[in-house]
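Here is a briefing on one protein structure, arranged by topic for a reader who is new to structural models. Please keep the sequence and the 3D view open while working through the points.

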Amino acid sequence: MTHILLKHATIVTLNDEDAILTDADLAIADDRIVALGEAPADFAADKVIDLSGKIVAPGLYNAHTHAAMVFARGYAEDMPLDRWFNEGIWKLESALTREMVRWGVRLAMVEMLRGGVIGFADHYFYMDEVAQAVVESGMRANLAWAVFGHDGGEVGITVPETVEFVKRWDGAADGRLRAMFGPHSPYLCSDEFLARTAAVAVREGIGIHIHAAETGGQVEASLAAYDMTPIELLHDRGLFETHTIVAHAIHSNPIDIAILANSHVNVAHCPSTHMRYAMGVTPVPEMLEAGVNVALGTDGAGSSVALNLWREIRLAVVMQRQARNDPEALGGLTPLRMAARNGARALGFAQSGVLAPGFQADLMVIDASQTHYQPIHSVPASLVWNTEPADVRDVMVAGRWLMRDRQLLTLDEEAIRAGFDRALAEMMAKPLGQFKTYEVDE
Ligand SMILES: [Zn+2]
């Protein structure tokens, strides 16, 4: 058992009282936090680390992404969502290879770890490759194998194969891995397929990660076809009877919000993508007020360009303030809590996201000595508004350092860059077809 003692740190706990401790110690035994504030007198540390001038906070969670899609960064810019799908992403993805996922997810993990992201909810293809990468990296992840289901069957992987995938990986890597179903969305999956997925999920105790209510057009199409909003449809077909992550849920009315709250649905809010594609303003304050667990995601780099959760933290706030003419919206530590504590809960890591005795030692150390951080009148304000990914010095998951002094300890960045370049060149040399078509009327 390894005992680590962090000393003289400013500790942002994100506990129920939002306590912030100054000149405080944090004692870690093996994978858990055993004491906060002052270490017990009998705590025999193998390693003592002085963190004067540093801020320690829970590590961040990216609650919705398609990590391997870093290959599509900047590929289809300055176009509406339907053209982004039809002329950009679904042409490029017709050439997707297993190799591209293998190296793309590793490149994504380098970017995320370097910005203090310790876990991610991933929704993509060839997810056994992603699982292997998570095992190696030491990160946490919740993996969903994306499925487009029609009345006639499934595209790619089948439901029974997805059950096998989930059973193989859920709880693996000492509990760092969770796995779920990944039906794409109500606008690209048939009604029958959604209901069948929900029935199997409930029977087998499997969670669901799905996209919904991204545009006004999708809501109108759903009302025309079912006389129900997308959120009402998912609820009616049983998808909320298990642990569910709904990405986006931008166009949620008060009844939808009540359904999300009562069904304990986790919402992944992705401000960069929502604003870049002018998709609308999610009623985040109303959702939080109603008790919905709203977490933050970057979505894939094909739509957000970066896996930078600090950018999402700030955009989540300014989006609400501008749209509502309310300079008090999402104040204080609220956006950081969404990115860390709410993210941990959304992904199914109940013992993470808070720095408190008994919780997992999942944290990041931020160097607050940089010029752009001076002065620090308010720790929450500095954290939310001044932190850049490069300010994250160290990252720990389950008591193990994954990055120390900006050095990645589990990932070989140079080899990953080379592998990624190779896989991308192979993919870009393939002739492009049309993977799918987006046909929702706007
Ligand atoms: Zn997405």
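Helix H12 passes helix H13 in a right-handed crossing, and this briefing begins with that pair before turning to a residue in contact with both, then to another helix pair and the domains. The model is a predicted one, which should be kept in mind throughout.

**Helices H12 and H13**
- The axes of H12, which covers residues 309-324, and H13, which covers residues 334-347, come within 9 Å and cross at roughly 135°.
- Because of that angle, H12 counts as oblique to H13.
- On the H12 side the contact is made by Leu-309, Ile-313, Ala-316 and Val-317, which meet Pro-335, Leu-336, Met-338 and Ala-339 in H13.
- Sorted by class, this contact of H12 with H13 has 8 nonpolar residues, with no polar and no charged ones.

**Leu-296 and its surroundings**
- Leu-296 belongs to strand E14, which spans residues 293-296.
- Is Leu-296 buried or exposed? Leu-296 is buried, because 30 other C-beta atoms lie within 10 Å, and a count of 20 or more is what the term requires.
- When neighbours within four places in sequence are left aside, the contacts of Leu-296 include Leu-309, Ile-313 and Ala-316, residues that also take part in the H12 side of the helix contact.
- Leu-296 is likewise in contact with Met-338 and Ala-339, which H13 brings to its meeting with H12, and the other contacts of Leu-296 include Ala-63 and His-269.
- Although Leu-296 and Pro-335 are 39 residues apart in sequence, their C-alpha atoms are 8.3 Å apart in space.

**Helices H2 and H3**
- The axes of H2 (residues 98-113) and H3 (residues 127-137) come within 9 Å and cross at roughly 35°, and the crossing is right-handed.
- Arg-98, Val-101, Arg-102, Val-105, Arg-106 and Met-109 in H2 meet Glu-129, Val-130, Ala-133 and Ser-137 in H3.
- The residues of this contact divide into 5 nonpolar, 1 polar and 4 charged.

**The two domains**
- The domain assignment gives domain 1 as 3-58 + 353-408 and domain 2 as 60-347, and the centres of the two, taken over C-alpha atoms, are separated by 28 Å.
- Where the domains touch, the contact takes 23 residues from domain 1 and 26 residues from domain 2.
- On the side of domain 1 that touches domain 2, strand E5 (54-58), helix H14 (379-386), strand E16 (392-397) and strand E17 (400-404) each supply at least two residues, and H14 gives the most, with 4 residues.
- The residues on that side of domain 1 divide into 17 nonpolar, 2 polar and 4 charged.

Terms used:
Residues are numbered from 1 along each chain as its sequence is written. This is a predicted model: local features need pLDDT of at least 70, side-chain atom pairs count only at pLDDT 80 or more; totals for chains, interfaces and linings use all residues. Axes are lines fitted to C-alpha atoms, for helices over the stretch in contact, and angles run from 0 to 180 degrees between N-to-C directions. A crossing is left-handed if the near helix is turned anticlockwise from the far one by less than a right angle, and right-handed if clockwise. Two residues are in contact if their C-beta atoms, placed from the backbone, lie within 7 Å. Ala, Val, Leu, Ile, Met, Phe, Trp, Tyr, Cys and Pro count as nonpolar, Asp, Glu, Lys and Arg as charged, and the others, Gly among them, as polar. Domain bounds come from an automatic or database domain assignment. Angles under 35 degrees count as roughly parallel, over 145 as roughly antiparallel, 65 to 115 as roughly perpendicular and the rest as oblique. A residue is buried if 20 or more other C-beta atoms lie within 10 Å of its own, exposed if 12 or fewer, and partly exposed in between; C-beta atoms are placed from the backbone.
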